[in-house]
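Trainee: I would like a close look at a single part of this chain, with some account of what surrounds that part. Please start with the overall layout and then narrow down.

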Amino acid sequence: MVIDYEEFFRQAGLIDVQTVIPEVVVDLKYATTDNFVGEVLYPDLKRAYLLPHMTERLKRVQARLDKLKSGHKLVIYDAARPLSIQHKMFKQVQGTPQEQY
């Protein structure tokens with residue numbers, strides 16, 4: 001069964017953070033092989049979905065960074081993690097040195 005996670009997250013009330021904070025950098029590590037498992041675990045998820053109150057808090061943080069004129073941008077490496085993917089990750093690391101993470 002293929003799940004459209006982005007639609008699932010929207011229906012659950014989560015928000016694509018870049019619709020509220022366009023300048024935030026989204027680099028979902030589990031959507032690439034650049035993670036501690038070394039395997040793509042989010043093949044169909046490219047955007048970061050968060051609870052509305054968390055998105056608003058991050059918006060305030062980015063506004064403070066902008067006010068400081070630091071040039072720094074928020075970076076999100078992980079966001080809503082579907083339970084099915086979490087189980088897959090647990091299976092991948094079971095019995096390995098990464099299991100503790």
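In what order do the elements of the chain run from the N terminus on? And which residues form the positive surface patch?

Mentor: Bear in mind that this is a predicted model. Starting at the N terminus, the order of the elements is α-β-α-β-β-α-β-α. That makes 4 helices and 4 strands in the chain. Along its principal axes, the C-alpha trace spans about 45 × 30 × 20 Å. The chain has 101 residues, and 31% of them are buried.

Now the patch. Arg57, Arg60, Arg64 and Lys67 form a positive patch on the surface. Take Arg60 as the residue to follow: Arg60 sits in helix H3, which covers residues 52-68. Its relative accessible area is 54%, so Arg60 counts as exposed, the cut-off being over 50%.

For the interior, turn to the largest nonpolar core, which has 22 residues. Val17, Leu28, Tyr42, Leu45 and Ile76 have the most contacts inside this core. Two or more residues of the core come from each of helix H1 (5-11), strand S3 (49-50) and helix H4 (83-93).

Helix H4 also holds Gln92. Gln92 is partly exposed, because its relative accessibility is 34%, and that class lies between 20% and 50%. To relate Gln92 to the patch, go back to Arg60: the two residues are 32 apart along the chain, and 37 Å separates their C-alpha atoms.

Notes:
Residues are numbered from 1 along each chain as its sequence is written. This is a predicted model: local features need pLDDT of at least 70, side-chain atom pairs count only at pLDDT 80 or more; totals for chains, interfaces and linings use all residues. Side-chain values use heavy atoms; hydrogens and water are left out. Patches are made of residues with over 30% relative accessible area and no salt bridge: like charges are joined within 9 Å, nonpolar side chains (Val, Leu, Ile, Met, Phe, Trp, Tyr) within 5 Å. Accessible areas come from the Shrake-Rupley method with a 1.4 Å probe; for residues, only the protein chains shown count as cover. A salt bridge is a side-chain nitrogen of Lys or Arg within 4 Å of a carboxyl oxygen of Asp or Glu. Lys and Arg count as positive and Asp and Glu as negative; His and the chain ends are not counted. The place of a charge is taken as NZ of Lys, CZ of Arg, CG of Asp or CD of Glu. Buried means under 20% relative accessible area, exposed over 50%, partly exposed in between (1.4 Å probe, protein chains only). A nonpolar core is a set of buried Ala, Val, Leu, Ile, Met, Phe, Trp, Tyr and Cys residues joined through side-chain atoms within 4.5 Å.
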